[in-house]
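The following exercises concern the packing of helices, the order of strands and the backbone of single residues. Each task is followed by a worked solution.

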Amino acid sequence: MSTARRYLASEIYRSSAVVLLALVGLFTFFALIEELDSIGPSFTLLNLFYLQALQLPSRLYDLLPIGLLIGAILALASLAQRNELVILRVSGVSGMKLLTMLWIITIPWVLGAFLLSEVITPAAEIQSSEATIALLGKAGGGRLESGYWFKEDDAEHGTRVINIGELRANEGVANVTLYEFTPGRELTMLSQAREGYFDKGSLILKDVTETLINSNAVAALADAKAPDTPITQVKTLPTRVLRTTLTPERLIARILTPERMSIAVLLDYIKYLKNNHLQTERQVVALWRKVAYPFTLLVMMTIAAPIGFMQTRRGGVGGKVFIGILLGVGFFMINQLSLNIGMLSKWPPWVTALVPNLGALFLALMAMLYLENQHNVRRFMQVRSPWSKSAV
């Protein structure tokens, strides 16, 4: 049994590695072609290769489930074509035992996917964002034309809104605008800083211009006449130390797609959003999807099993691989569709994350059971059919 499992593992690992290498190379090539227009005096071809290399873990993260599915189908179909699976079945190994062996074979892939999801991909995404900022002066993610916006409570139970116009490497920021409100939502101070950086729970701002707004400014403006005293005061400071709950990790989390964060960073960011009364639905759904991601690999292997176990006369290796590609693309589309519909319809996060996997797993198990007992099913259908001889 262990010999057969090792042989199956070697075939599946080899086929899956080849498929993943081909898929990652193909998508990387397309990305390179798409970004060629960005090449210029300040952004060379070598810089483009560097950015694409940093995006390889994220690309592998996205393609791993479908790559494992196609690789497993390719390996199992080749074994079936050479009648090696028939030899295993004749030796007393049932279809469900073979499926159990495939699940055990998938465990190293699950562990690798967890490492990729929690360590490699988040680190590569952060480095890619910093490199993009340094080379192109821009970053993707949650950036608006006006920059990045954050909201939090201050020590006086008021509200503070922070606008960061530009992110820099080494935890630096630039073009910072700070709006400070009273508990009654009245603006009391507007601060603008040329640049700043994070240091031990504080945001150190440099070249700060503060505009203090008098508490009776609204009443003075309502009188429609010039006030006796100025309603604003402007002063400049070389530096200002701002105690804030915003951290470099939360700043990066604002940029990254929630699925690209590690679970620890995602939990911290969800806590930050809840404490500041901001929406967390997208991040909570992403947390459930990250938890379900390793389980998706088991689902892919379960889908591959009935397709690979079909006899060769029902379709060659090419036909089975084509079916696997269709199923993989269909599963990906359904997964994305459930995410969008779940967000719009306010479904529970676990439903959005787990139902597509559970549905695919159920259908694959039903297909496996049918292949295992197809002769009994056909005999039962013939007996129950009104046109069968026994019914006459």
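**Exercise 1. Three residues with positive phi**

Task: Determine whether Asp207 is buried, partly exposed or exposed, and state where Asp207 is placed.

Solution. The model is a predicted one. Asp207 has a relative accessible area of 38%. Buried requires a value under 20% and exposed a value over 50%; Asp207 is therefore partly exposed. Its place is in strand S5, residues 202-213. Although Asp207 is not a glycine, its phi is positive, at about 55°.

Task: Carry out the classification for Arg185, and locate the residue.

Solution. The relative accessible area of Arg185 is 56%. Since the cut-off for exposed is over 50%, Arg185 is exposed. The residue belongs to the loop between S3 and S4. Its phi, near 65°, is a positive value in a residue other than glycine.

A further positive phi, near 55°, is taken by Lys200. This residue is in the hairpin of S4 and S5, where two residues stand between the strands.

**Exercise 2. The sheet**

Task: State in which order the six strands are arranged and which strands stand at the edges.

Solution. Step one is the order: the strands form an open sheet, S1-S2-S3-S4-S5-S6, with antiparallel pairing. Step two is the edges: S1 (148-153) and S6 (232-243) each have a single partner strand, so one side of each lacks a neighbour in the sheet. Step three is the twist: on average, neighbouring strands are turned by 20° against each other, direction ignored.

Task: Give the number of bridges for the pairs S2 with S3, S4 with S5, and S5 with S6, with one bridge partner from each.

Solution.
- S2 (residues 159-168) and S3 (residues 172-181) run antiparallel and are joined by nine bridges. Glu166 has Ala174 as its bridge partner in S3.
- S4 and S5 pair over ten bridges, in the antiparallel sense. Glu195 has Lys206 as its bridge partner in S5.
- S5 and S6 run antiparallel and are joined by eleven bridges. Leu205 has Arg240 as its bridge partner in S6.

**Exercise 3. A contact across the sequence**

Task: Describe the setting of Phe198 and its distance from Leu246.

Solution. Phe198 is found in strand S4, residues 187-199. Its relative accessibility is 8%, and the limit for buried is under 20%; Phe198 therefore counts as buried. Phe198 and Leu246 are separated by 48 residues in sequence, while their C-alpha atoms are 8.8 Å apart in space.

**Exercise 4. The helices**

Task: Classify the packing of H1 against H3 from the angle between them.

Solution. Two packed helices are described by the angle between their axes and the distance between the axes. Helix H1 (residues 2-35) and helix H3 (residues 56-81) pack at about 135°, and their axes are 6 Å apart. An angle over 145 degrees would count as roughly antiparallel, and one of 65 to 115 as roughly perpendicular; H1 is therefore oblique to H3. The crossing of H1 past H3 is right-handed. The contact comprises 21 nonpolar, five polar and two charged residues.

Task: Explain why the buried residues of H2 line one face of the helix.

Solution. In helix H2 (residues 45-54), the buried residues are Asn47, Leu48, Leu51, Gln52 and Leu54. Viewed down the axis of H2, these buried residues fall within an arc of 160°, and they therefore line one face. An α-helix has 3.6 residues a turn, so residues three or four places apart point the same way.

Note on methods:
Residues numbered from 1 in each chain as written. Predicted model: local features only at pLDDT ≥ 70, side-chain atom pairs only at ≥ 80, totals over all residues. Heavy atoms only, no water. Axes fitted to C-alpha atoms, helices over the stretch in contact; angles between N-to-C directions. Helix = DSSP H or I, 4+ residues; strand = E, 2+ residues; numbered from the N terminus. Parallel < 35°, antiparallel > 145°, perpendicular 65-115°, else oblique. Left-handed = near helix turned anticlockwise from the far one by under 90°. Nonpolar A, V, L, I, M, F, W, Y, C, P; charged D, E, K, R; others polar. Buried < 20%, exposed > 50% of the residue type's maximum accessible area, 1.4 Å probe, protein only. Arc of directions from axis to C-beta. Pairing = 2+ DSSP bridges.
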